[in-house]
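I opened the model today to look up a few things. My notes follow in the order I checked them.

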Amino acid sequence: MIKENIEEALNKQVNWEFYSAYLYLSMSAYFESVGLPGFASWMRVQAQEEQVHAMKFYDYIVARGGRVNLIAIEEPPSSWPSPEDVFEETYKHEQKVTGLINALVTLAIKEEDYATRNMLQWFIDEQVEEEESAYKALEKLKLVGNEGSGLYMLDKEFALRVFNPPLSKKG
Ligand code: FEO
């Protein structure tokens, strides 16, 4: 059986992951509205991945005999000054999530909950990838700027990102 404070912390993370999905879907909608369908698609894939993250925590709480409590998801921003600002925020957001995962690991170790510590390793590894993909996208955007043919080409490239269904991912 899972300890109450661990259960509570994991439930908060379920909410954070769904908020992340909401944030990226909002970014996707923004890109649709400014005529960048490839960027919109990239963000839609990102939102799908966040839902997988949320459900991983959800399933783990259930597997440990805990209770999942879904609370309200905060409203995300809906517009940004430029595509570069969107990816600046994405990168910052992923860094924040990494901090939240690290805090969960610290709590699991303090409570001697080694099963939770072990489960969180997948997220530690995942956050390395999450930060890397956000950072690389941001760097490319900085290179091409916020308009012109460079942005058009990048939109074509970002359209190629595909969602890997959960079963094909490790963990
Ligand atoms: Fe669920 Fe993008 O971290």
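**Overall fold**

I began with burial: 44% of the 171 residues of the protein count as buried. I am working from a predicted model, and I keep that in mind throughout.

Next I looked up the secondary structure. I found five helices and zero strands. Read along the sequence, the pattern is α-α-α-α-α. I then checked the radius of gyration, which is 17 Å. The globule rule gives 16 Å for 171 residues, so the protein is as compact as a globular protein of that length. I also took the box along the principal axes: the C-alpha atoms fill roughly 55 × 30 × 25 Å.

I looked at contacts with a separation of 6 or more. Residues 24 or more positions apart account for 82% of them. For the surface, I noted that the protein exposes about 9200 Å². Carbon and sulfur atoms supply 56% of that area.

**Helix 2 against helix 5**

I turned to the packing of helix 2 (residues 37–63) on helix 5 (residues 148–158). Their axes are 7 Å apart, at an angle of about 35°. Helix 2 passes helix 5 in a left-handed crossing.

Which residues meet here? From helix 2 I listed Pro37, Gly38, Phe39 and Trp42. From helix 5 I listed Leu151, Leu154, Asp155 and Phe158. By class, this contact has six nonpolar residues, one polar and one charged.

**Leu141**

I followed Leu154 and Leu151 across to Leu141, which touches both. Leu141 is found in helix 4. Is Leu141 buried or exposed? Its relative accessibility is 0%, so I count Leu141 as buried.

Leaving out residues up to four places away in sequence, I find Leu141 also touching Phe39, Pro83, Glu84, Phe87 and Asn146. Phe39 is one of the helix 2 residues that meet helix 5. I checked the spacing to Leu154 as well. Leu141 and Leu154 are 13 residues apart in sequence, and their C-alpha atoms are 7.8 Å apart in space.

**Leu10 and Tyr60**

I picked Leu10 next, in helix 1 (residues 4–33). Leu10 has 1% relative accessibility and therefore counts as buried. Not counting neighbours within four places in sequence, its contacts are Ile2, Phe57, Tyr60, Ile61, Leu104, Thr116 and Met119. I also looked up Val68, 58 residues away from Leu10 along the chain. The C-alpha atoms of Leu10 and Val68 are separated by 8.8 Å.

From that contact list I moved to Tyr60, in helix 2. Tyr60 has a relative accessible area of 12%; the cut-off for buried is under 20%, so I count Tyr60 as buried. Beyond four places in sequence, Tyr60 is in contact with Ile2, Leu10, Asp113, Ala115, Thr116 and Met119. Ile2, Thr116 and Met119 are thus entries I had already written down for Leu10. I compared Tyr60 with Lys110 too. They are 50 residues apart along the chain, with their C-alpha atoms separated by 19 Å.

**Glu112**

My last stop was the loop between helix 3 (83–110) and helix 4 (114–144), where Glu112 is found. What is the phi of Glu112? I read a positive value of about 55°, although Glu112 is not a glycine. I noted this because most residues other than glycine have a negative phi.

I then looked up the accessibility of Glu112. The value is 58%, so Glu112 counts as exposed.

Technical notes: Residues are numbered from 1 along each chain as its sequence is written. This is a predicted model: local features need pLDDT of at least 70, side-chain atom pairs count only at pLDDT 80 or more; totals for chains, interfaces and linings use all residues. Side-chain values use heavy atoms; hydrogens and water are left out. Axes are lines fitted to C-alpha atoms, for helices over the stretch in contact, and angles run from 0 to 180 degrees between N-to-C directions. Helices (H or I, at least four residues) and strands (E, at least two) are DSSP runs, numbered from the N terminus. A crossing is left-handed if the near helix is turned anticlockwise from the far one by less than a right angle, and right-handed if clockwise. Contact means heavy atoms within 4.5 Å. Ala, Val, Leu, Ile, Met, Phe, Trp, Tyr, Cys and Pro count as nonpolar, Asp, Glu, Lys and Arg as charged, and the others, Gly among them, as polar. Buried means under 20% relative accessible area, exposed over 50%, partly exposed in between (1.4 Å probe, protein chains only). The radius of gyration is taken over C-alpha atoms; the globule rule is 2.2 Å times the number of residues to the power 0.38. Accessible areas come from the Shrake-Rupley method with a 1.4 Å probe; for residues, only the protein chains shown count as cover.
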